Amino acid sequence: MCKTCDISETMLQVVTEMRGIDYERLNLNYHKDLIELFKIRSAPALLLFKNGKLFREIYAFQSVPYLNEIFDQFLVD
C-alpha cells in the first residue's frame, strides 16, 4: 500500500476503535470491478454505505477530528 493509504488507515483505525466500528479494507489493485462500479477516482477512498446504498465517498481523510465529524453525520439515523 502507498504511504498515503497507510496514514489514512491509521487515522481511520483511531476513529473506528474509539467508536467500536468495524470496516473492511480492500486493495483496489485486485478489485478493478469496484473502481468501475462506484466510479472511484483515487486511493485512498472511504466509501460509506447505509442500507446497502452508497451514502458518501471520502478521498481526503485530512485528520482524525475530520473523520469523527464524517462519522457523526453518517451514524445519525
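## A walk through the fold

Gln-62 sits in the loop between β2 and α3, and it makes a good starting point for this predicted model. Its phi is near 65°, a positive value in a residue that is not glycine. Gln-62 has a relative accessible area of 57%, so it counts as exposed, the cut-off being over 50%.

Asn-51 also has a positive phi without being glycine, here near 55°. You will find Asn-51 in the loop between β1 and β2. These two strands form a hairpin with two residues between them. Strands β1 and β2 (residues 53-58) run antiparallel and are joined by five bridges. To trace the pairing yourself, look at Leu-47, whose bridge partner in β2 is Glu-57.

Just before β1 there is another backbone feature to look for. Pro-44 lies in the loop between α2 (32-38) and β1, and the peptide bond leading to Pro-44 from Ala-43 is cis, with omega near 5°.

Now let us turn to the inside. Which residues make up the largest nonpolar core? There are eleven in all: Met-11, Leu-12, Val-15, Leu-46, Leu-48, Ile-58, Phe-61, Leu-67, Ile-70, Phe-71 and Phe-74. Helix α1 (3-19), strand β1 (46-50) and helix α3 (64-74) each supply at least two of them. The most comes from α3, which gives four residues.

Val-15 shows how such a core member is surrounded. Apart from its neighbours within four places in sequence, Val-15 is in contact with Val-64, Leu-67, Asn-68 and Phe-71. One of these contacts, Asn-68, is placed in helix α3. Is Asn-68 buried or exposed? Asn-68 is buried, because its relative accessible area of 16% falls under 20%. With the same kind of neighbours left aside, Asn-68 is in contact with Val-15, Met-18 and Arg-19.

Finally, a look at cysteines. A disulfide is a covalent bond between the sulfur atoms of two cysteines. How many disulfides are counted here? The count comes to zero. Cys-2 is partly exposed, whereas Cys-5 is buried.

The table gathers the accessibility of the residues we have met along the way.

| Residue | Relative accessible area | Class |
|---|---|---|
| Asn-51 | 77% | exposed |
| Gln-62 | 57% | exposed |
| Cys-2 | 36% | partly exposed |
| Asn-68 | 16% | buried |
| Cys-5 | 13% | buried |

Methods
Residues numbered from 1 in each chain as written. Predicted model: local features only at pLDDT ≥ 70, side-chain atom pairs only at ≥ 80, totals over all residues. Heavy atoms only, no water. Core = buried A, V, L, I, M, F, W, Y, C linked by side-chain atoms within 4.5 Å. Buried < 20%, exposed > 50% of the residue type's maximum accessible area, 1.4 Å probe, protein only. Contact = heavy atoms within 4.5 Å. Disulfide = S-S within 2.5 Å. Pairing = 2+ DSSP bridges.
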